[in-house]
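Grab your viewer and a coffee. Below are a few short exercises, each with a worked solution.

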Amino acid sequence: MTEAVIRKKEGMASVKDMPVLQDGPPPGGFAPVRFARRIPNKGPSAMAIFLATFGAFSWGMYQVGKGNKIRRALKEEKYAARRAILPMLQAEEDERFVKEWKKYLEEEARIMKDVPGWKVGENVYHSGRWMPPATGELRPDIW
């Protein structure tokens with residue numbers, strides 16, 4: 001485009017004679033410039049995350065409590081069964097011990113028959129207390 005069309009003057013004119021045409025904003029002004037940092041709100045809020053976490057934790061603790069009750073009941077049942085069978089097991093062990101003790105005394109009498117003044121079955125420690133052997137066998141080297 002020529003100057004004549006833009007400034008509505010015919011022919012060439014001196015720059016000094018030309019009217020000043022200054023650029024300006026459009027009618028109504030420019031649109032506002034976005035300068036703030038606006039992060040879009042995506043995902044659940046902090047309260048929603050907290051409530052979901054609290055709910056999951058509560059449900060987990062409830063499940064742990066239920067498991068503990070079941071485990072406690074099974075343990076009590078096992079102990080009750082052991083308490084019920086204990087007298088029978090003790091009687092069987094006592095019977096076995098008496099048989100072994102008699103064998104032990106017979107073997108001691110056979111081995112010590114030539115020792116004068118030896119009393120079969122007498123405790124050599126003279127503590128006054130009778131203690132059964134700590135192991136299941138009386139004399140494993142004899143048998």
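**Exercise 1.** Which residues do ring pairs link into a cluster?

Before we start, some ground rules: this is a predicted model, where local features need pLDDT of at least 70, side-chain atom pairs count only at pLDDT 80 or more, and totals for chains, interfaces and linings use all residues. Residues are numbered from 1 along each chain as its sequence is written, and side-chain values use heavy atoms, with hydrogens and water left out.

*Solution.*
- Step 1: recall that a pair of aromatic rings is described by the distance of the centres and the angle of the planes. Here, Phe, Tyr and Trp rings (the six-membered one for Trp) pair if their centres lie within 6.5 Å; planes under 30 degrees apart are stacked, over 60 edge-to-face, and the rest tilted.
- Step 2: search the whole structure, and you get 3 aromatic pairs. One of them is F97 with W101, stacked at 5.9 Å centre to centre with 15° between the planes.
- Step 3: move on to W101 and Y104, whose centres are 5.3 Å apart with the planes at 35°, so that pair is tilted.
- Step 4: put it together, and the cluster is F97, W101 and Y104, linked by ring pairs.

**Exercise 2.** Place the cluster on its helix and say how buried its members are.

*Solution.*
- Step 1: F97 and W101 both sit in helix α2 (residues 46–111), 4 residues apart, about one turn. Helices are DSSP runs of H or I, at least four residues, numbered from the N terminus.
- Step 2: W101 and Y104 are 3 residues apart in α2, again about one helical turn.
- Step 3: buried means under 20% relative accessible area, exposed over 50%, and partly exposed in between (1.4 Å probe, protein chains only). F97 is therefore buried at 15%, Y104 is buried too at 19%, but W101 is partly exposed at 26%.

**Exercise 3.** Where does α2 bend, and by how much?

*Solution.* Fit axes to the seven residues ending at a position and the seven starting there; the angle between them is the bend. At I85 that gives about 40°, and P87, a proline, follows within four residues.

**Exercise 4.** Work out what E108 meets.

*Solution.*
- Step 1: E108 is in α2 and is buried, with a relative accessible area of 10%.
- Step 2: list contacts (heavy atoms within 4.5 Å). Not counting residues up to four places away in sequence, E108 touches W118, K119, V120 and G121.
- Step 3: check for a polar contact, a pair of N or O atoms within 3.5 Å, one able to donate a hydrogen and the other to accept it within protein; sequence-adjacent residues count only if both atoms are side-chain atoms. The side chains of E108 and W118 make one at 3.1 Å.

Terms used
Helices (H or I, at least four residues) and strands (E, at least two) are DSSP runs, numbered from the N terminus.
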